[in-house]
Amino acid sequence: MILTEPLLEVRDLEVTFGHIQALRGASLTVGKHEIVGLVGDNGAGKSTLVKAISGVRPADSGQIYVEGAPATLGSPAASRDLGIEVVYQDLALASHLDSVENLFLGRQLRRGGVLRALGFVDRAEMRRVATETFVTLKMTVKDLSTPVGDLSGGQRQAVAVARAAHWAERLIIMDEPTAALGPVQTEQVGKMIRRVREHGLSVLVVSHDLPQVLDICDRVVVFRHGLAVASVASGDIGVRDLVDLMSGAEAADEEEL
Ligand SMILES: Nc1ncnc2c1ncn2[C@@H]1O[C@H](COP(=O)(O)OP(=O)(O)OP(=O)(O)O)[C@@H](O)[C@H]1O
């Protein structure tokens with residue numbers, strides 16, 4: 001059961017680490033403009049799935065389709081080229097650089113003409129684009145020139161989400177987006193995720209915060225022992241039932257995933 005046309009389809013992924021089968025034929029679909037929560041107990045295979053989709057640790061077998069076309073996500077660059085960006089739990093920001101520099105980390109805009117040949121970075125244009133991105137996403141970053149290491153956890157999260165939203169053309173994957181945040185900042189991240197979707201992207205949110213997942217996601221996929229065991233519209237399930245599905249206390253819901 002998906003609510004919109006498929007954007008990302010993952011079919012029968014298997015990943016083995018020595019004797020451990022982290023993914024045992026895992027399947028999952030994210031629709032266009034859909035916010036999907038991915039939940040599961042520790043060791044269920046969520047991070048392994050994210051690494052397979054982001055090209056960090058490609059799956060041993062299985063298929064991935066992006067807008068219906070077979071995708072070979074053999075490296076992070078291949079995944080990014082298909083419009084997929086990941087916001088990692090540690091945010092992967094350079095703390096000594098400011099918000100603008102972090103937005104363009106490793107992907108600076110270069111000046112035109114002779115200056116381009118000399119490798120000059122176009123700071124004015126980067127600042128303009130960064131400001132536009134923050135305004136579009138209604139994110140208030142106090143001072144774009146402050147090193148991000150001096151910003152609050154919520155502000156840093158905003159910078160990381162803005163960077164992903166700026167570069168992603170199709171899908172943002174968020175790994176535990178609110179694990180280190182207080183309740184107010186957690187709510188703000190939820191609003192950011194919805195705004196990202198309003199701007200045409202899909203979002204896959206990996207989280208242990210089940211109330212938040214139910215609050216912000218359209219649909220929740222439950223992983224257990226390396227497999228998706230349920231896919232449920234958020235409005236149709238509560239925290240208690242999700243926990244039961246995660247732990248295997250209830251029979252798995254074998255709907256189309
Ligand atoms: N690099 C690795 N080497 C060996 N085993 C690994 C490796 N990465 C993951 N695993 C194992 O694969 C299984 C799935 O791990 P994974 O990190 O994907 O689970 P998870 O659902 O993300 O868990 P958590 O919620 O704790 O982050 C676990 O048994 C884990 O110990």
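Colleague: How do the residues of the shell around the ligand divide into nonpolar, polar and charged?

Modeller: In this predicted model, the residues of that shell divide into four nonpolar, six polar and one charged. The residues around the ligand are Phe17, Ile20 and Ala22, together with Gly40, Asn42, Gly43, Ala44, Gly45, Lys46, Ser47 and Thr48. Two elements, strand 2 (20–31) and helix 1 (46–53), give two or more residues to the shell.

Colleague: Which element gives the most to the shell around the ligand?

Modeller: Helix 1 gives the most, with three residues. As a general idea for reading such an element, an α-helix has 3.6 residues a turn, so residues three or four places apart point the same way. Here helix 1 is mostly covered, since six of its eight residues are buried, namely Lys46, Thr48, Leu49, Lys51, Ala52 and Ile53. After helix 1 comes Gly55, whose phi is positive, near 80 degrees.

Colleague: How should I read the sheet, and in what order do the six strands of the open sheet stand?

Modeller: Strands of a sheet pair through backbone hydrogen bonds, either parallel or antiparallel. In this structure the order is 6-7-8-3-9-10, and the pairing is mixed. Strand 6 (84–87) and strand 10 (227–233) stand at the edges with a single partner strand each, so one side of each is left without a neighbour in the sheet. On average, neighbouring strands of this sheet are turned by 20 degrees against each other, direction ignored.

Colleague: Which strands pair in the parallel sense over five bridges?

Modeller: Those are strand 7 (residues 171–175) and strand 8 (residues 202–206), where the bridge partner of Asp175 is Val206 in strand 8. Helix 7 (residues 183–198) packs on the sheet, touching strand 3 (35–40), strand 7 and strand 8, and its direction makes about 150 degrees with that of strand 8.

Colleague: Turning to strand 6, how many bridges join it to strand 7?

Modeller: Four bridges join strand 6 to strand 7, and the two run parallel; within this pair, Ile84 stands opposite Leu171 in strand 7. Both faces of strand 6 are covered, with Ile84 and Val86 buried on one side and Glu85 and Val87 buried on the other. Helix 6 (residues 153–167) lies across strand 6 and strand 7, running at about 175 degrees to strand 6.

Colleague: Away from that sheet, is Glu9 buried or exposed, and why?

Modeller: The idea is to count neighbours, a residue being called buried if 20 or more other C-beta atoms lie within 10 Å of its own. Glu9 is buried because 20 other C-beta atoms lie within 10 Å. Glu9 lies in strand 1 (residues 6–17), and, leaving aside neighbours within four places in sequence, Glu9 is in contact with Thr29 and Tyr65. The C-alpha atoms of Glu9 and Ile64 are separated by 5.6 Å, although these residues are 55 residues apart along the chain.

Colleague: Before relying on such details, what is the mean pLDDT of the protein, and where is the pLDDT below 50?

Modeller: The mean pLDDT of the protein is 87, and 90% of its residues reach 70 or more. The pLDDT is below 50 over residues 252–256, a stretch that has seven contacts in the model beyond near neighbours in sequence. As for the scores of the model, its ipTM is 0.97 and its pTM is 0.89.

Key
Residues are numbered from 1 along each chain as its sequence is written. This is a predicted model: local features need pLDDT of at least 70, side-chain atom pairs count only at pLDDT 80 or more; totals for chains, interfaces and linings use all residues. A residue is near a molecule or strand if its C-beta atom, placed from the backbone, lies within 6 Å of it. Ala, Val, Leu, Ile, Met, Phe, Trp, Tyr, Cys and Pro count as nonpolar, Asp, Glu, Lys and Arg as charged, and the others, Gly among them, as polar. A residue is buried if 20 or more other C-beta atoms lie within 10 Å of its own, exposed if 12 or fewer, and partly exposed in between; C-beta atoms are placed from the backbone. pLDDT is the predictor's confidence in each residue, from 0 to 100. Two residues are in contact if their C-beta atoms, placed from the backbone, lie within 7 Å. Two strands pair if DSSP finds at least two bridges between them. Axes are lines fitted to C-alpha atoms, for helices over the stretch in contact, and angles run from 0 to 180 degrees between N-to-C directions.
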